[in-house]
Amino acid sequence: MAITPSTETASKQPLLVGVDGGGTSCRARVADLDGNILGEGFAGSANPRTGLDSACRAIMEATGQAMDKAGLEENDYARMYAGLGLAGANQKKEQDLILGWGFPFAGIFLETDAYAACMGAFNGEDGAILILGTGSCGASLIAGEMKTLGGWGFPISDQGSGASLGLAAIRYALLAHEGMKEETPLSKAIMATFDHNPEHAVAWQDKALPRDYGAYGPMVVEHLDNGDTLAEQLMRDCAEDAAMMIRVLHQRGAKQCALVGGLSKFVLPWLPEDVAAMTTLPQGDAMQGALLMAAKMLN
């Protein structure tokens, strides 16, 4: 979805800003029309489903940092065309709210973070991606048609994601704490974050966001390196969820699937052999894809 106000062309050269907004962090990159990167910025979560204002403020904070590094000023917003690739932006309700928030950009091309990641992974050409970050989502771009897979939000969706991994780890830790599963160093470490008290875990979940569950991912990875049996099983299950999605993307016509997101490199070694043969590394990141989205408004 794109919106471009009918304003006079700025006297200066237009600029592009590409935003990759996920459930944990938001990154922005400012570039000129020749593709030269002028600056980058970083902020917190930019998922509108978990807070519209906080997400939009994160976009502005990350963009502001990128502009500062590029030596740009506030009046430069009038010549900036923004490609926004945001987690949680796959519903029209959220799209309308974001576009109506009041961004100062000359134009906005809004799509999901999966769309931006797919654009960047294959430089706008055919292919598929599987985002494995705080959330998860698959996307395929075939003959100009974008189709998504999953990504309906945690906890009902986002299989193979950091949030789902964290939830599974906490669930097991609670069972092991009460003697229903075998304790492991990982399960004990998880319960230690709740003072070994299930009631503390219950109180925590009442306010926990997807990124809070995802924060347990690094703990799983740490114990995975130490051969923890629970960590290995959790990662194996995560890889099976990822494989399920990759197979469907392949059935839809994608010859290759690029794994992206912070959890990807840890899941990759655990993928089944048939699926591993279909996977590849992305050519560019989601910010690059978002810049391609922004450029579409000038083409």
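Which residues in α3 are buried? In this predicted model, the list runs Asp-113, Ala-114, Tyr-115, Ala-116, Ala-117, Cys-118, Met-119, Gly-120 and Ala-121. That makes 9 of the 9 residues of the helix, which spans residues 113–121, so α3 is largely enclosed by the rest of the structure. After α3 comes Asn-123, and its phi is positive, near 55°.

Let's step back to the whole chain. The protein chain holds 12 helices and 11 strands. Its C-alpha trace spans about 70 × 40 × 30 Å along the principal axes. For 299 residues, a compact globule would come out with a radius of gyration near 19 Å, and the chain's 20 Å agrees with that. Of those 299 residues, 51% count as buried. Take the contacts with a separation of 6 or more: 63% of them are between residues 24 or more positions apart. On the outside, the protein chain exposes about 14,000 Å², with carbon and sulfur atoms supplying 49% of that area.

Now for the inside. In soluble globular proteins, nonpolar side chains tend to be buried together. Here, the largest nonpolar core has 42 residues, and the members touching the most others are Ile-190, Val-267 and Leu-271. Several elements each put in at least two residues: β7 (127–132), α4 (162–177), α5 (185–192), α8 (217–225), α9 (229–251) and β10 (257–260). The largest share comes from α9, with 11 residues. To get a feel for the packing, pick Val-267 and look around it: leaving out residues up to four places away in sequence, Val-267 touches Leu-132, Met-235, Cys-238, Ala-239 and Ala-242. Apart from this core lies another one, of 29 residues, with Leu-15, Ala-58, Met-67 and Leu-86 among them.

β7 is also a good way into a run of paired strands. β7 and β8 run antiparallel and are joined by 6 bridges, with a hairpin of 3 residues leading from β7 to β8. If you want a landmark, Ile-129 stands opposite Ala-139 in β8. Carry on along the chain and β8 pairs again, this time with strand β9 (residues 145–149), through 5 bridges and also antiparallel. Here Ala-139 stands opposite Thr-148 in β9. β8 and β9 form a hairpin with 2 residues between them, and Ala-143 in the turn has a positive phi of about 50°. β8 itself, residues 136–142, is mostly covered, with 6 of its 7 residues buried.

What about the cysteines, and how many disulfides are there? The count comes to 0, where a disulfide would need a pair of cysteine sulfur atoms within 2.5 Å. Cys-56 is in no disulfide, and the nearest cysteine sulfur, in Cys-26, is 9.8 Å away. Cys-56 is also buried, with a relative accessible area of 1%. Then there's Cys-238, one of the residues that Val-267 touches. The closest cysteine sulfur to that of Cys-238 is in Cys-257, 14 Å off, which is too far for a bond. Cys-238 is buried as well, with a relative accessible area of 4%.

Conventions:
Residues numbered from 1 in each chain as written. Predicted model: local features only at pLDDT ≥ 70, side-chain atom pairs only at ≥ 80, totals over all residues. Heavy atoms only, no water. Core = buried A, V, L, I, M, F, W, Y, C linked by side-chain atoms within 4.5 Å. Buried < 20%, exposed > 50% of the residue type's maximum accessible area, 1.4 Å probe, protein only. Helix = DSSP H or I, 4+ residues; strand = E, 2+ residues; numbered from the N terminus. Contact = heavy atoms within 4.5 Å. Rg over C-alpha atoms; globule rule 2.2 N^0.38 Å. Areas by Shrake-Rupley, 256 points an atom, 1.4 Å probe, with all protein chains shown as cover. Pairing = 2+ DSSP bridges.
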